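Colleague: I am new to this one, and I would like to understand how each label is earned. Could you walk me through it?

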Amino acid sequence: MPDRMRVAVVGAGTMGNGIAHTFAQHGHQVALIDIAAAQLERARQTIGANLERQVKKGALTGEQRDATLSNLETTTERERATGAGLIIEAVPENPALKAEILRSLDPLAGDAIVASNTSSLAITSLAASVSRPDRFIGMHFMNPVPVMKLVEVIRGLQTSDDTMNTVLDVARGLGKTPVEVNDFAGFVSNRVLMPMINEAVFCLMEGVAEPEAIDTVMKLGMNHPMGPLALADLIGLDTCLSILEVLQRDIGDDKYRPCPLLRKYVAAGWLGRKTGRGFYTYEAA
Ligand code: NAD
């Protein structure tokens, strides 16, 4: 796969904007696609602000910022995925929605590698919605994408060695460290992380401690850079709930049962940073 290629990112939310930013910064031509024009506008603003921060820190030059922006197209037209060498799906963690999007992208994909950024869903099951399951793979970026080094790369049952090796190379080309894992619910990252976040929410619900106290214990006591509740707000509480539901259903163990308080916050629309309120409140939504 060429060092610089066309990449389509479908879904311009928390993850899609970071994935698009990272590929554009590394010289790829990116089409960032969403059904909601407002989300595309918001993604552009977020990418602009994050690039500005990189320039202020001396991590990027002004020319590199401008080149990144000129590599980025935002569009509501799914057909802009045509001709891409890599298509990355980053729509919400809903299997029916992901299947529908993958089916609609399939006629546009040609020989492209199609990757899902799913946090927990089985890659082998999602592959049932594409005609080239050998070209389908999980490419699980971490949030915030421009900063985090890890990409968990998930091999579905039918993923070819060629697809796996290409994706490992692409991830390295972005300055990331890819780690290959097999296709089990939640992979490694969320199978380990989500029970911790869920337990922190149970602590809050049962009155063990206030959010700040829970997070401080985990930061200072366990040397975590962020407490679990602040991290849940960053990930999105709806995303956390969806992942826990997948773990409980697909592994079949009630130890993954989502905390009722997490359900309540999601029902209230308190989804974390992206809505301005979760376990904490945030200035800008
Ligand atoms: P999000 O809710 O922030 O964004 C999803 C975007 O998809 C929205 O902009 C929405 O308008 C768009 N969308 C919905 N339907 C669409 C359609 N039919 N066509 C095009 N766009 C559509 O979600 P997110 O947090 O970015 O999560 C996306 C994926 O990444 C999920 O699978 C999630 O599990 C995974 N993920 C999330 C995180 C995280 O920290 N949030 C980390 C790793 C992986």
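Modeller: Gladly! This is a predicted model. Let me start with the charges: the protein chain has 28 positive and 33 negative ones, and their mean positions are 3 Å apart.

Colleague: Thanks. What makes the protein chain as compact as a globular protein of that length?

Modeller: For 285 residues the globule rule gives 19 Å, and the radius of gyration of the protein chain is 19 Å, so the chain is as compact as a globular protein of that length. Its C-alpha atoms fill a box of roughly 55 × 45 × 35 Å along the principal axes. Inside that box there are 11 helices and eight strands.

Colleague: How many of the residues count as buried?

Modeller: Of the 285 residues, 50% do. The cut-off for buried is under 20% relative accessible area.

Colleague: Why are F23 and F141 called an aromatic pair, and why edge-to-face?

Modeller: Two rings pair if their centres lie within 6.5 Å, and planes over 60 degrees apart count as edge-to-face. For F23 and F141 the centres are 6.2 Å apart and the planes make 70 degrees, so both conditions are met. F23 belongs to helix 1 (residues 14-25) and F141 to strand 6 (residues 136-141), so the pair ties together parts that are 118 residues apart in sequence.

Colleague: How do you know whether those two rings are buried or exposed?

Modeller: The relative accessible area is 0% for F23 and 2% for F141. Buried means under 20%, so both residues are buried.

Colleague: What about Y265 and W270: what kind of aromatic pair do they form?

Modeller: Theirs is edge-to-face too, with 5.0 Å centre to centre and 75 degrees between the planes. Y265 has 16% relative accessibility, which is under 20%, so Y265 counts as buried. W270 has 27%, which lies between the 20% and 50% cut-offs, so W270 is partly exposed. Ring pairs also link Y265, W270 and F279 into a cluster.

Colleague: What makes helix 9 mostly covered?

Modeller: Seven of the eight residues of helix 9 (residues 228-235) are buried. Among them are L229, L231 and I235. The cover includes helix 7 (189-205), helix 8 (211-222) and helix 10 (237-251). Right after helix 9 comes G236, with a positive phi near 110 degrees.

Colleague: Which residues other than glycine have a positive phi?

Modeller: F187 is one of them, with a phi of about 55 degrees, and N223 is another, with about 65 degrees. F187 sits in the loop between strand 8 (177-182) and helix 7, whereas N223 is in the loop between helix 8 and helix 9. At 4% relative accessible area, under the 20% cut-off, F187 is buried. N223 reaches 69%, over the 50% cut-off, so N223 is exposed.

Colleague: Where is the cis peptide bond, and what is its omega?

Modeller: The bond joins N143 and P144, with omega about 0 degrees. P144 lies in the loop between strand 6 and strand 7 (150-155). For background, most peptide bonds are trans.

Colleague: One last point: why is N117 called buried?

Modeller: Its relative accessible area is 6%, and buried means under 20%, so N117 qualifies. N117 is in the loop between strand 5 (113-116) and helix 5 (123-126). Leaving aside residues up to four places away in sequence, N117 touches several residues, including M15, I19, E89, H140 and F141.

How values were computed: Residues are numbered from 1 along each chain as its sequence is written. This is a predicted model: local features need pLDDT of at least 70, side-chain atom pairs count only at pLDDT 80 or more; totals for chains, interfaces and linings use all residues. Side-chain values use heavy atoms; hydrogens and water are left out. Helices (H or I, at least four residues) and strands (E, at least two) are DSSP runs, numbered from the N terminus. The radius of gyration is taken over C-alpha atoms; the globule rule is 2.2 Å times the number of residues to the power 0.38. Buried means under 20% relative accessible area, exposed over 50%, partly exposed in between (1.4 Å probe, protein chains only). Lys and Arg count as positive and Asp and Glu as negative; His and the chain ends are not counted. The place of a charge is taken as NZ of Lys, CZ of Arg, CG of Asp or CD of Glu. Rings of Phe, Tyr and Trp (its six-membered ring) pair if their centres lie within 6.5 Å; planes under 30 degrees apart count as stacked, over 60 as edge-to-face and the rest as tilted. Contact means heavy atoms within 4.5 Å.
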